[in-house]
Amino acid sequence: MSASLTHIKGDKRTQFYKDWKPWLEETANFYMRFLNNHGGEFQHSPAHEHEQAIVSLFQAGSVKAGYLSLCEVEIERRERGGRSDLWMICGDRQYWFEFKRTNYDPKLSAWGLKSSLDAAMRQVNASEYDDKHFGVACIIGATNIMTEDRLGFYKGFSVDIDYSFRIGPCDEKGMFIYFK
């Protein structure tokens, strides 16, 4: 695993992990290049921009890893149509990701970690998938000031999800990624 990607939680023996590892490593490499090209100033980090900026970084990582992917792809929902933030093909499996970027304070009730996960899961659960198509909620946790309290909260949130990783440094320049 690249030095800029840290695996926190999730079974490394699963096909999900095997599919996602190259993608996340390339995404982490792009992320670090971005930080280094801007002098490491966190205000220029994609993790501190709007959701689509972050999704484009993940899409670039998927292409670099050799996967076919697109952003904002139409997807059928039970009640009405919609779009998936990122669609990615890995072998014979297709992943439909719904991304949410949290507020800088992960404990807030509005756009904190829990409410962002709930919103993404509502979107994922609005569509039907099968054994080759998977809906995945992806939460991006990024803060403007990393305190011990916030760091503990980010790490503790991993209990509620299936996979978690950290990209970049363990301060306000890094970001936590949660998948469910």
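So, Trp23. Setting aside neighbours within four places in sequence, this tryptophan is in contact with Phe58, Gly61, Ser62, Ala65, Tyr67, Leu86, Met88, Phe97 and Phe179. Keep in mind that we're looking at a predicted model.

Where does Trp23 sit in the bigger picture? It belongs to the largest nonpolar core, which has 31 residues, and along with Trp20, Phe58, Phe97, Met175 and Phe179 it touches the most other members. Who else chips in? At least two core residues each come from helix H1 (15-37), H2, and strands S3 (82-90), S4 (93-101), S5 (133-141), S6 (163-167) and S7 (175-179). H1 gives the largest share, with seven residues. Apart from this core there's another one, of 14 residues, including Met121, Ile139, Tyr154 and Ile161. As a general point, nonpolar side chains in soluble globular proteins tend to be buried together.

Okay, on to H2. Its buried residues are Ala53, Ile54, Val55, Leu57, Phe58, Gln59, Gly61 and Ser62. How does the length of this helix check out? H2 covers residues 51-64, so 14 residues at 1.5 Å a residue should span 20 Å, and the end C-alpha atoms are indeed 20 Å apart. Right after H2 you'll find Gly66 with a positive phi, about 95°.

Last stop, one for the backbone fans: Glu72, over in strand S2, residues 68-75. Glu72 isn't a glycine, yet its phi is positive too, at about 55°. And is Glu72 buried or exposed? Somewhere in between: its relative accessibility is 29%, so it counts as partly exposed.

Methods. Residues numbered from 1 in each chain as written. Predicted model: local features only at pLDDT ≥ 70, side-chain atom pairs only at ≥ 80, totals over all residues. Heavy atoms only, no water. Helix = DSSP H or I, 4+ residues; strand = E, 2+ residues; numbered from the N terminus. Expected span 1.5 Å × (residues − 1). Buried < 20%, exposed > 50% of the residue type's maximum accessible area, 1.4 Å probe, protein only. Core = buried A, V, L, I, M, F, W, Y, C linked by side-chain atoms within 4.5 Å. Contact = heavy atoms within 4.5 Å.
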